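Please work through the following exercises with the sequence and the model at hand. Each task is followed by a solution in steps.

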Amino acid sequence: MNKLWLRIGAGVLACLVVIGAALWTTNRTNNGTRTDGLFYQASGIHPDAKLLTVDGETVEAEEYLYWLAYGCEYLTSNLGSVDWNKTLTDGMTYGDYVKADALETVKLFAVIRRMAEENGVTLTEEDQAKLQEQKDNYIAYYGGEEAYHRQVELMGISEETYDRINSTYLLLDHLTDMAVAEGGSLYPPREDLLSYGAEHGYVSARILYLPTVGLDEEAAEAQRALAESYVQRLRGLDADEAYDLLGQLAADLGMEVPEQDYTFNAETADENVVNAIAALDEGAVSDVLSTDSGFYVAIRRPLNVSALAQNYFSEHLVQRRQALQVTCSKLYDKLDAGAFYENLLQQRKELAQQYTDAE
C-alpha cells in the first residue's frame with residue numbers, strides 16, 4: 001500500500017512540476033521578458049508583453065504604449081496641464097479617454113494589416129525606398145545617425161516597432177488606391193456608392209464663391225449684386241454652356257477650378273447651402289445663397305459617385321474596427337495612463353540629461 005501510494009504520489013508530483021513549468025512558461029511569454037526602453041521604465045510592463053488580443057492576434061505592449069504616449073502628448077499640447085483623474089464625461093476620466101483612444105488606434109492598425117494580408121498587399125521596393133528616405137531625412141534633421149537613434153530612444157520605442165508603424169501607413173495608401181480608383185479590386189459597386197450618397201445626404205455641384213469676410217456693408221452688398229448678375233447670366237444658358245461659363249467665372253474670381261464637381265453634405269459644408277442645392281433639379285442654377293462668410297452660386301450636378309469612394313472606404317474601415325473582438329490582459333486593466341505618462345516624461349528628462357552630460 002505504501003509503495004503504491006509512493007508511486008501515485010511521485011506521478012502526481014511529476015505532473016504538478018510539468019504543469020507548474022508550463023504555467024511559468026506561459027506567464028513568462030504573456031508578460032514578456034524584454035526590459036529595454038523607456039516604456040518599460042515608465043510602466044513596469046515588458047515591451048513584448050501580450051497586452052491585448054485583437055481578433056485573435058496579439059498586440060504587444062510596446063505598440064500600444066507608443067499610441068498611449070502619443071495621445072497623452074496630444075492632449076497636453078492642447079489643454080496644457082491635465083488632471084488625468086478628472087472626469088471628462090459619463091464617468092470617463094481623461095486617463096480613461098486616452099487609454100480608449102490608443103486602443104481604437106491599435107484596432108485600426110490591426111484592421112489595415114489584416115486587410116493588406118487579405119488582399120495580398122505588401123511593401124514594394126518603392127515603399128522601402130520611401131521609408132529609408134524618411135529615415136535619412138530624420139538623420140539629417142537631427143544631425144547624424146547617432147542623434148537620430150537617441151531621438152527614437154527618447155520616444156521610448158524600438159526602431160523595429162517604429163518602422164512597423166510607419167510601414168502600416170504605406171499599406172493603407174495601397175489599400176486606399178485600390179478602394180477609390182474605378183476598376184480597383186476594392187472599389188465598391190456603383191449601387192452601393194449611390195446608396196451611401198443618398199443615406200448621408202451628399203450632393204454634387206459646380207460652385208462660385210464670393211467672400212464677404214472683412215468687408216464693410218457697402219462692399220458686401222456689391223458682392224451680392226455681382227453674385228445676382230452671375231445668376232442671371234447663367235440662367236440664360238443651357239446646362240452645358242452654364243457649366244462652362246461658371247468655370248470661367250470661377251477662374252476670373254481667382255478660385256481654383258477643380259477637375260471634378262464639388263461633392264459634399266451637411267457634415268462638411270453649410271447646411272443651408274447643401275439643402276438649397278439638394279432642392280434643385282440637375283443642371284439648374286441656384287439663387288444667391290447667403291452665408292456668414294459670403295455668397296454662393298451653384299449649378300446642381302449629377303452625384304459624383306467616385307468622389308464618395310474615399311469616404312465610403314473610410315467608413316468601411318471604421319465599421320471593421322468596431323466589429324473587432326478585443327481581449328484585454330490584466331496588465332492593460334491595471335495600466336494607469338496618467339502615471340505612465342508622468343513617469344515617461346521624467347524618464348525622458350533623465351535620459352536627455354545623460355546624453356547632455358556625455359557630450
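The exercises proceed from the whole chain to its cores and then to single residues.

The model is predicted: local features need pLDDT of at least 70, side-chain atom pairs count only at pLDDT 80 or more, and totals for chains, interfaces and linings use all residues. Residues are numbered from 1 along each chain as its sequence is written, and side-chain values use heavy atoms, with hydrogens and water left out.

**Exercise 1. Overall form**

Task: Describe the secondary structure and the dimensions of the protein.

Solution. Step 1: The protein contains 14 helices and 9 strands; these are DSSP runs numbered from the N terminus, helices being H or I of at least four residues and strands E of at least two. Step 2: Its C-alpha atoms occupy a box of roughly 110 × 55 × 50 Å along the principal axes. Step 3: The radius of gyration is 29 Å, whereas a compact globule of 359 residues would have a value near 21 Å. This radius is taken over C-alpha atoms, and the globule rule is 2.2 Å times the number of residues to the power 0.38.

**Exercise 2. Burial and charge**

Task: State what percentage of the residues is buried, and how the charged side chains are distributed.

Solution. Step 1: Of the 359 residues, 37% are buried; buried means under 20% relative accessible area, exposed over 50%, and partly exposed in between, with a 1.4 Å probe and protein chains only. Step 2: There are 27 positive and 59 negative side chains, and the centres of the two sets are 12 Å apart. Lys and Arg count as positive and Asp and Glu as negative, without His and the chain ends; the charge is placed at NZ of Lys, CZ of Arg, CG of Asp or CD of Glu.

**Exercise 3. The nonpolar cores**

Task: Identify the residues that touch the most other members of the largest nonpolar core, and the helix that gives the most to this core.

Solution. Step 1: A nonpolar core is a set of buried Ala, Val, Leu, Ile, Met, Phe, Trp, Tyr and Cys residues joined through side-chain atoms within 4.5 Å. Step 2: The largest has 54 residues, of which Y64, L68 and F340 touch the most other members. Step 3: Elements supplying at least two residues each include β1 (50–54), α3 (61–79), α7 (159–180) and α14 (337–358). Helix α4 gives the most, with 11 residues. Step 4: Beyond four places in sequence, the contacts (heavy atoms within 4.5 Å) of Y64 include L51, A102, V106 and Y332. Step 5: Another core, of 17 residues, lies apart from the largest, and L210, Y230, L245 and I299 are among its members.

**Exercise 4. Two aspartates**

Task: Which accessibility class applies to D55, and which to D90?

Solution. Step 1: D55 lies in the loop between β1 and β2 (57–60), and D90 in the loop between β3 (87–89) and β4 (92–93). Step 2: Phi of D55 is near 50°, a positive value in a residue other than glycine; phi of D90 is likewise near 50°. Step 3: D55 is partly exposed, at 32% relative accessibility, while D90 is exposed, at 79%.

**Exercise 5. A loop residue**

Task: Is I157 buried or exposed, and which residues does I157 contact?

Solution. Step 1: I157 belongs to the loop between α6 and α7. Step 2: With a relative accessible area of 5%, I157 is buried. Step 3: Its contacts beyond four places in sequence are F39, E62, Y66, V152, Y162 and I165. Step 4: P47 is 110 residues away from I157 in sequence, yet their C-alpha atoms are 8.7 Å apart.
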